[in-house]
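Thanks for coming, everyone. I would like to walk through one model this morning, element by element, so please keep the display in view while I talk.

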Amino acid sequence: MKHYDALVIGAGPAGVAAALYLARFGMRLAMAEKLAPGGLLLQTFEIENYPGFPQGVKGYELADSLAAHLEPYDNITRIHDEITEFIVEGDSKRLLAGGEWISASAVIIASGVQYRKLGLPNEEKLLGRGISHCALCDGNFFKDQPVAVVGGGNSAVEETLHLAKIVSHVHLIHRRDEFRAAPLYLSRLKALPNVSLRSSTVITSLHGEQQLEGLTLKDLHKGTEEFLSLNGLFIFVGFEPAAPVLPPDLKRDRGGFIETDTEMRTNLPGVFAAGDIRSKLCRQVVTAVGDGATAANSAYTYLEQQHG
Ligand SMILES: Cc1cc2nc3c(=O)[nH]c(=O)nc-3n(C[C@H](O)[C@H](O)[C@H](O)COP(=O)(O)OP(=O)(O)OC[C@H]3O[C@@H](n4cnc5c(N)ncnc54)[C@H](O)[C@@H]3O)c2cc1C
């Protein structure tokens, strides 16, 4: 079984920052990523609030720069696979990636979040057949057609702004009276002629067998229902932790996010968490990167104490 000083799960902003710091400390480490380096950045059109980029930076450009930053370090082994098992027995940590067991003295979990579903019948079946969680990836399939977006936070509004440039009309559906998104985004949205805001409205059914054909909407104030005919629905109703099979003793909050102290230490010695997977309020690139650096520092201190 291959052994590393440290293993980082996930190559999003948190994982890359952690790997960079560990590599610079001279650790022998592995970083496992099941998709591509960059994490959610690859699904984000423009990052406008990353310090040092006054003109904003495209998500994929920042993802490429993160990946490039790790290239010179030959003490990082890249594992292009998903971690599907993670077992902690005392000081020993064993992880399964692509059918191969690996061990590490310290593990940093930076596996981020995944999109929450509406929980409607047909939803799973129609995912990729009209239903999407990524306007940047799938928006062009609906060029000059009407679509709906569901959600009331920043992600829903940002994605609506992006879609409005491509599609004929966006119905933005939100179950509450008010949208929670930042006022700056909302004012941009209200200025667009091809966006309708539909508050106090929920989707009660999804129609279509092979492809999404329409939605039934319910007005929560009036109690009335209507059918909306369209082929595209983008769902942004929050996130849940993208938790690989985590050790059962790992302390998590009610939403399943990993609890840490301010140094990113979990309740299990030698196991650290960083970025969106952590129980915290501000899930952003800049906080993920900060968490990653802190987790690496704590992992390094832990390893020093272990090995003297
Ligand atoms: C639409 C949208 C717009 C956003 N806009 C902004 C913005 O403008 N500004 C901003 O600061 N933030 C923004 N964010 C938030 C930002 O993208 C996240 O806070 C940040 O990406 C979190 O980084 P992370 O490394 O914790 O997780 P992620 O970026 O989610 O990366 C986690 C990585 O772990 C991998 N992974 C998961 N499970 C496993 C496993 N079992 N094995 C191996 N690999 C695994 C995933 O494939 C992924 O690559 C936005 C997010 C979205 C969705």
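Leu96 stands opposite Trp101 in strand 8, and that pairing belongs to a set of 5 bridges that join strand 7 to strand 8 (residues 100-109), the two running antiparallel. Before I go further, this is a predicted model, in which local features need pLDDT of at least 70 and side-chain atom pairs count only at pLDDT 80 or more, while totals for chains, interfaces and linings use all residues. Residues are numbered from 1 along each chain as its sequence is written. When I say strand or helix I mean a DSSP run, E of at least two residues for strands and H or I of at least four for helices, numbered from the N terminus, and when I say that two strands pair I mean that DSSP finds at least two bridges between them.

Strand 7 and strand 8 form a hairpin with 2 residues between them, and Gly98 in that turn has a positive phi of about 55°. On the other side of the discussion is strand 6 (residues 83-89), which is joined to strand 7 by 6 bridges, again antiparallel, with Phe86 having Leu95 of strand 7 as its bridge partner. Strand 6 and strand 7 also form a hairpin with 2 residues between them, where Gly90 in the turn has a positive phi of about 60°. Which residues of strand 7 lie on its covered face? They are Lys93, Leu95 and Ala97, whereas Ser92, Arg94 and Leu96 make up the uncovered one.

Let me turn to the helices, where I will use the word buried for a residue with 20 or more other C-beta atoms within 10 Å of its own, exposed for 12 or fewer, and partly exposed for anything in between, with C-beta atoms placed from the backbone. In helix 1 (13-24), 10 of the 12 residues are buried, so this helix is largely enclosed by the rest of the structure; among them are Pro13, Val16, Leu20 and Leu22. Its end C-alpha atoms are 17 Å apart, which agrees with the 16 Å that its 12 residues should span at 1.5 Å a residue, the expected span being 1.5 Å times one less than the number of residues.

Helix 2 (residues 59-70) also has 12 residues and an expected span of 16 Å, and its end C-alpha atoms are 18 Å apart, in agreement. Leu62, Ala63 and Leu66 are buried in helix 2. Seen down the axis, the buried residues of helix 2 fall within an arc of 105°, so they line one face of the helix, where the arc is that of the directions from the helix axis to the C-beta atoms. As a reminder, an α-helix has 3.6 residues a turn, so residues three or four places apart point the same way.

At the level of the whole chain, there is a division into domain 1 (2-114 + 239-307) and domain 2 (117-235), with bounds that come from an automatic or database domain assignment. The C-alpha centres of these two domains lie 32 Å apart.

Next, an open sheet of 5 strands has the order 10-17-11-12-13 with parallel pairing. Strand 10 (131-132) and strand 13 stand at the edges with a single partner strand each, so one side of each is left without a neighbour in the sheet. Further in, strand 11 (residues 146-150) and strand 17 (residues 232-235) are joined by 4 bridges and run parallel, and Val149 stands opposite Phe234 of strand 17.

Strand 14 pairs with strand 15 (residues 214-219) in the antiparallel sense over 6 bridges, one of the pairings being Ser205 with Thr216. In the loop between strand 13 (195-198) and strand 14 (201-207) sits Ser200, whose phi is near 50°, a positive value in a residue other than glycine.

Finally, the ligand: which residues come nearest to it? Of the 38 residues around the ligand, these are Gly10, Gly12, Gly39, Gly112 and Gly275, and a residue is near if its C-beta atom, placed from the backbone, lies within 6 Å. The shell around the ligand draws at least three residues from each of domain 1 and domain 2, and helix 1, helix 5 (154-163) and helix 7 (285-307) each supply at least two.
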